[in-house]
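Here are my notes on this model, set out as numbered points. Please read them with the structure open.

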Amino acid sequence: MAVQINPSILSADFARLAEEAKAVQGADWLHVDVMDNHFVPNLTLGVPVVESLARATDTPLDCHLMIEDPDRWAPLYVEAGASSVTFHVEAAAAPVRLAREIRAKGARASMALKPATPIEPYEDLLPELDMLLIMTVEPGFGGQAFLDIMLPKIRRTRELIGKHGLQLWLQVDGGVSATTIERCAEAGADVFVAGSAVYGAKDPADAVRALRAQAET
Ligand code: DX5
Ligand code: ZN
């Protein structure tokens, strides 16, 4: 299971996004948090910014859509240049159709679960996905404390992935840092989003290397 570290530009300087993308050389993906002030109580960026960012960096974009009506919007983020698009199952009207559409357009399809959303009802959807995102904070803001109570859900999801013989990646997002990443890795996560732990560090690229080393132990 290869470890991947995805810095979240939510904690970067939005006036210098191209430079901030370059500041995390060595990262596997750039995590882009799209918020619409409806699905979550915060507002960030949309399709035009993703288009510009895709042109400005060679690092593939991992777009996390915290928005209503992802059935309508997710395909537009693939067209804007995202290589992976994550929609929230709580917001999707037709998650299977949407995952298939994202894949058909050439991106990796990923589904996210808020902390109170269980994995069990979605077991049969797993083969339709390239990644599952388990939120380890309530979505909406960076810099929140990691929810330890999500560890059993990570463990159960890893078991279900094994049971079905699937290759999908298991991403965790929220409060991932030097003090929590080992617990996530031990529970079975292999893709780690980190915002404040990377962009709040003196040397973001160094923080990415350190997090990777910790997740690999
Ligand atoms: C929160 C976002 C996260 C956020 C994580 O809703 O989905 O991606 O940037 O920030 P940290 O790592 O600071 O918790
Ligand atoms: Zn995110």
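**Notes on the predicted model**

1. His 31 stands opposite Asp 62 in strand 3. The model is a predicted one. Strand 2 (30-35) and strand 3 (61-66) are parallel partners, with 6 bridges between them. Together with helix 2, strand 2 and strand 3 form a β-α-β unit of right-handed sense.

2. On its way to strand 4 (residues 84-88), the chain continues in a similar style. Strand 3 and strand 4 are parallel and share 4 bridges, and Leu 65 has Phe 87 as its bridge partner in strand 4. The connection from strand 3 to strand 4 passes through helix 3, and this β-α-β crossover is right-handed.

3. Is strand 3 enclosed or open to the outside? Burial was judged by counting other C-beta atoms within 10 Å, with 20 or more needed for a residue to be buried. Since 6 of the 6 residues of strand 3 are buried, the strand is largely enclosed by the rest of the structure. Leu 61, Cys 63 and Leu 65 point one way, Asp 62, His 64 and Met 66 point the other way, and all are buried. Note that Asp 62 and His 64 are on this list of buried residues.

4. Strand 6 (residues 131-135) gives a matching account: 5 of its 5 residues are buried, so strand 6 is largely enclosed by the rest of the structure. Both of its faces are covered, with Met 131, Leu 133 and Met 135 buried on one side and Leu 132 and Ile 134 buried on the other.

5. Which strands pair with strand 6? Strand 5 (residues 108-113) is joined to strand 6 by 4 bridges, and the two run parallel. Strand 7 (residues 169-173) also runs parallel to strand 6, joined to it by 5 bridges. Met 131 takes part in both pairings: it is the bridge partner of Ser 110, and it stands opposite Trp 169 in strand 7. From strand 6 the chain crosses through helix 5 (residues 151-163) to strand 7, in a right-handed β-α-β crossover.

6. The largest nonpolar core has 70 residues, and Leu 65, Tyr 77, Val 85 and Phe 192 have the most contacts inside it. Strand 6 gives the most to this core, with 5 residues. In soluble globular proteins, nonpolar side chains tend to be buried together. Of the residues with the most contacts in the core, Leu 65 is one, and Leu 65 also belongs to strand 3, where it is buried.

7. Phe 192 deserves a look on screen. Leaving aside residues up to four places away in sequence, Phe 192 touches Gln 4, Ile 5, Asn 6, Val 172, Val 176, Ile 181, Cys 184, Leu 211 and Ala 215.

8. What surrounds ligand 1? There are 22 residues around it, of which Ser 8, Leu 10, Gly 142, Gly 195 and Ser 196 come nearest. Strand 2, strand 8 (191-194) and helix 7 (196-199) each supply at least two residues of this shell. By class, the shell holds 8 nonpolar, 12 polar and 2 charged residues.

9. Two residues other than glycine have a positive phi and should be checked by eye. For Asn 37 phi is about 65 degrees; Asn 37 is in the loop between strand 2 and helix 2 (47-56). Asn 37 has 13 other C-beta atoms within 10 Å, so it is partly exposed. For Asp 69 phi is near 55 degrees, and Asp 69 lies in the loop between strand 3 and helix 3 (70-79). Asp 69 counts as partly exposed because it has 15 C-beta neighbours inside 10 Å.

10. Is Val 24 buried or exposed? Val 24 sits in the loop between helix 1 (17-22) and strand 2, and it counts as buried because it has 25 C-beta neighbours inside 10 Å. Val 24 and Ala 207 are 183 residues apart in sequence, yet their C-alpha atoms are 8.7 Å apart. Leaving aside residues up to four places away in sequence, Val 24 touches Pro 7, Val 198, Pro 204, Ala 205 and Val 208.

11. Glu 123 is placed in the loop between strand 5 and strand 6. Glu 123 has 14 C-beta neighbours inside 10 Å and therefore counts as partly exposed. Its C-alpha atom is separated by 7.2 Å from that of Leu 160, 37 residues away along the chain.

Terms used:
Residues numbered from 1 in each chain as written. Chains lettered and ligands numbered in written order. Predicted model: local features only at pLDDT ≥ 70, side-chain atom pairs only at ≥ 80, totals over all residues. Buried ≥ 20, exposed ≤ 12 C-beta atoms within 10 Å, placed from the backbone. Pairing = 2+ DSSP bridges. Right-handed = clockwise from strand over helix to strand, strands pointing away. Near = placed C-beta within 6 Å. Nonpolar A, V, L, I, M, F, W, Y, C, P; charged D, E, K, R; others polar. Core = buried A, V, L, I, M, F, W, Y, C linked by C-beta atoms within 7 Å. Contact = placed C-beta atoms within 7 Å.
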